[in-house]
Each structure stands twice: as structure tokens, then as C-alpha cells.
Amino acid sequence: MNLSTHVLDATTGQPAVGIAVTLSLAGVVIAADVTDDDGRIAALGTDLAAGVYRLRFDTAAYFAAHSITGFYPEVLITFDITDAASHFHVPLLLSPYAYSTYRGS
């Protein structure tokens, strides 16, 4: 199983560059990276087994770097992988006072 993510700054309509993201399983960080110039991390986790995972996005540092007062210092997305043979894409749409996510393709 392969996991990817991307972050879009919904306020500007631009990719959110430089957001630190960690992937954890059972409370243990198993991968970490930073969003690229397109706001993406193409392969945050590979060869992942079935289980309940958590993505943590460090939004406080991103907002501070852009002189933005944000309400959410971090975004945690918890999801359950039952089919380890599939590719999973977990996007984040971010603004200072709201966020949303969905299972992408």
C-alpha cells in the first residue's frame, strides 16, 4: 500500500508549501516529510499494512511563516486501511479557521 497527501491553502487557492507531515501507527511515527512546491508528498508511506493510521499536519508553523493567525495549530486525520493492496491519497483543504479532507484517488 502506498500513501500520498497534498495540502491546498483554500484562502489563496495555492498549494501549501513546507507543511511538516507525520504518519503514525499505534502512536508511533513511521514516516515524516514536508510538502513540496506543489503542496504534495507523493509517497509518505509505502508497503503499509492494514491498520488505523494518523496523519498530523503542522499547521501552526505554516501559518506563522505566512504571518497568519490560525485557529488550528495542527490537523490530525485518522483513517482505517482495510485493503493494504490499494493506493490511498488523503488531501487536506486548509484555511485559518476551517479545514476539510476526503479520500482522494
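**Exercise 1. Confidence along the chain**

Task: In this predicted model, find the strand where confidence is lowest and the strand where confidence is highest.

Solution:
1. The low end is strand β5, residues 40-46, with a mean pLDDT of 91.
2. The high end is strand β2, residues 14-15, at 98.
3. For the protein as a whole the mean pLDDT is 94, and 100% of its residues reach 70 or more.

**Exercise 2. Backbone angles in two loops**

Task: Locate A26 and S67, and state whether each is buried or exposed.

Solution:
1. The background is that most residues other than glycine have a negative phi.
2. A26 is not a glycine, yet its phi is positive, at about 55°. A26 sits in the loop that runs between β3 (20-25) and β4 (28-34).
3. The relative accessibility of A26 is 72%, so A26 counts as exposed.
4. S67, also not a glycine, has a positive phi of about 55°. The loop between α1 (59-65) and β7 (75-81) holds S67.
5. S67 counts as exposed because its relative accessibility is 71%, and the cut-off for exposed is over 50%.

**Exercise 3. An aromatic pair**

Task: Classify the ring pair formed by F71 and Y97, and say which parts of the chain the pair links.

Solution:
1. Two quantities describe a pair of aromatic rings: the distance of the centres and the angle of the planes.
2. The count for this model is 5 aromatic pairs. In the pair of F71 and Y97, the rings are 6.5 Å apart centre to centre, with 35° between the planes.
3. An angle under 30 degrees would count as stacked and one over 60 as edge-to-face; the pair of F71 and Y97 is therefore tilted.
4. F71 lies in the loop between α1 and β7, and Y97 in the loop between β8 (87-95) and β9 (98-101). The two residues are 26 residues apart, and their pair links distant parts of the chain.
5. F71 and Y97 are both exposed. Ring pairs also bring in Y72 and Y99, giving a cluster of F71, Y72, Y97 and Y99.

**Exercise 4. Annotated positions**

Task: Starting from the positions that UniProt lists for "binding site", describe the surroundings of H6 and Y102.

Solution:
1. The UniProt entry, which is unreviewed, lists H6, R40 and Y102 under "binding site".
2. H6 belongs to strand β1 (residues 2-9). H6 counts as buried because its relative accessibility is 14%, where the cut-off is under 20%.
3. Leaving aside neighbours within four places in sequence, H6 is in contact with both other listed positions, R40 and Y102. G39, H89, V90, P91 and L92 are in contact with H6 as well.
4. The side chains of H6 and H89 are joined by a polar contact of 2.8 Å.
5. Y102 comes in the segment after β9. With 44% relative accessibility, Y102 counts as partly exposed.
6. With the same neighbours left aside, the contacts of Y102 are H6, H89, V90, P91 and L93.

**Exercise 5. A serine in strand β1**

Task: State whether S4 is buried or exposed, and which side chain has a polar contact with the side chain of S4.

Solution:
1. S4 is found in strand β1.
2. Its relative accessible area is 6%, so S4 is buried.
3. The side chain of H87 makes a polar contact of 3.2 Å with that of S4.
4. Neighbours within four places in sequence aside, S4 is in contact with I41, A42, H87, F88, H89 and V90.

Methods: Residues are numbered from 1 along each chain as its sequence is written. This is a predicted model: local features need pLDDT of at least 70, side-chain atom pairs count only at pLDDT 80 or more; totals for chains, interfaces and linings use all residues. Side-chain values use heavy atoms; hydrogens and water are left out. pLDDT is the predictor's confidence in each residue, from 0 to 100. Helices (H or I, at least four residues) and strands (E, at least two) are DSSP runs, numbered from the N terminus. Buried means under 20% relative accessible area, exposed over 50%, partly exposed in between (1.4 Å probe, protein chains only). Rings of Phe, Tyr and Trp (its six-membered ring) pair if their centres lie within 6.5 Å; planes under 30 degrees apart count as stacked, over 60 as edge-to-face and the rest as tilted. UniProt positions are given in the numbering used here, feature names are shortened, and annotations may be inferred rather than shown by experiment. Contact means heavy atoms within 4.5 Å. A polar contact is a pair of N or O atoms within 3.5 Å; within protein, one must be able to donate a hydrogen and the other to accept it, and residues adjacent in sequence count only if both atoms are side-chain atoms.
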